[in-house]
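Good morning. I will go through one protein chain today, with the sequence and the structure on the screen. Please keep both in view while I talk.

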Amino acid sequence: MKTIEIFDPAMCCPTGLCGTNIDRNLMRIAVIVDTLKKKGVNVIRHNLKDEPMIYVTNTKVNDLLQSKGVEVLPITLVDGEVAVTGEYPTTRQMAEWSGVNLDFMPIQEEKPRQKEQSKEEPKNDCCKGSDCCCSGSNWG
């Protein structure tokens, strides 16, 4: 069975599912990871905020970060090899790598967004401002 590792950007909590404007792709990937773990698949998510050393000690991840910057995150490794960068893997990819049928997934992938957001569209950053979901919580 393959090992899938996802190196997330820095997020205020392990899944990024906090605040009032939840990213559908983060929700999708959290459901997939939870489902695969329950089926015995070795899936690991790393959060840059909580585990910075693993981003340094993993030479493939470190090399990508050094050459392309944090915009390369998230990075997905399958059996130690880089499989996807700059976005989360699709549901189909996760199903292929794990051998688990994920057709039941109610959350579909969103089309990739442009890197720059308009000034009218608020950035989904749950840890900015006074309404931070992590304020006073165990997340830090």
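Start with one pair of residues: I4 stands opposite V78, which is in strand β3. Keep in mind that this is a predicted model. The strands β1 and β3 run antiparallel, and 4 bridges join them. As general background, strands of a sheet pair through backbone hydrogen bonds, either parallel or antiparallel.

Now the whole sheet. In which order do its 4 strands lie? The order is β2-β1-β3-β4, the sheet is open, and the pairing is mixed. At the edges are β2, residues 42-47, and β4, each of which pairs on one side only. On average, neighbouring strands are turned by 20° against each other, if direction is ignored.

That order is the one in space. Along the chain, starting at the N terminus, the elements read β-α-β-α-α-β-β-α. That makes 4 helices and 4 strands. The chain has 140 residues, and 38% of them count as buried. If you take contacts between residues at least 6 apart in sequence, 63% of them join residues at least 24 apart.

One example of this is E5, in strand β1, which covers residues 3-8. E5 and T76 are 71 residues apart in sequence, but their C-alpha atoms are 5.6 Å apart in space. Is E5 buried or exposed? E5 counts as buried because its relative accessibility is 17%, and the cut-off for buried is under 20%. Beyond its neighbours within four places in sequence, E5 is in contact with I44, H46, I54, I75, T76 and L77. With H46 there is also a polar contact, side chain to side chain, at 2.7 Å.

Next to E5 in the sequence you will find I6. Leaving out residues up to four places away, I6 touches I29, V33, I44, R45, H46, P74, I75, T76, Y88 and M94.

That brings me to the nonpolar cores. In soluble globular proteins, nonpolar side chains tend to be buried together. Here the largest nonpolar core has 19 residues, and the members that touch the most others are I6, L36, M94 and L102. At least two residues each come from β1, from α1 (24-38) and from α4 (91-98). Which element gives the largest share? It is α1, with 5 residues. There is also a second, separate core of 9 residues, which includes V61, L65, V72 and L73.

Last, the helices on the sheet. Helix α3, residues 59-68, lies across β1, β3 and β4, and runs at about 40° to β4. Helix α4 packs on the sheet too, where it touches β1, β3 and β4. Its direction makes about 145° with that of β1.

Which residues of α4 are buried? They are T91, M94, A95, W97 and S98. An α-helix has 3.6 residues a turn, so residues three or four places apart point the same way. With that in mind, look at T91, M94 and A95, which are among the buried residues of α4. The buried residues of this helix pack against β1, α1, β3 (75-78) and β4 (81-85). Just after α4 comes G99, which takes a positive phi of about 75°.

One figure for the outside: the accessible surface of the chain comes to about 8,700 Å², and 50% of that belongs to carbon and sulfur atoms. That is the end of my part.

How values were computed
Residues are numbered from 1 along each chain as its sequence is written. This is a predicted model: local features need pLDDT of at least 70, side-chain atom pairs count only at pLDDT 80 or more; totals for chains, interfaces and linings use all residues. Side-chain values use heavy atoms; hydrogens and water are left out. Buried means under 20% relative accessible area, exposed over 50%, partly exposed in between (1.4 Å probe, protein chains only). Contact means heavy atoms within 4.5 Å. Accessible areas come from the Shrake-Rupley method with a 1.4 Å probe; for residues, only the protein chains shown count as cover. A polar contact is a pair of N or O atoms within 3.5 Å; within protein, one must be able to donate a hydrogen and the other to accept it, and residues adjacent in sequence count only if both atoms are side-chain atoms. A nonpolar core is a set of buried Ala, Val, Leu, Ile, Met, Phe, Trp, Tyr and Cys residues joined through side-chain atoms within 4.5 Å. Two strands pair if DSSP finds at least two bridges between them. Axes are lines fitted to C-alpha atoms, for helices over the stretch in contact, and angles run from 0 to 180 degrees between N-to-C directions.
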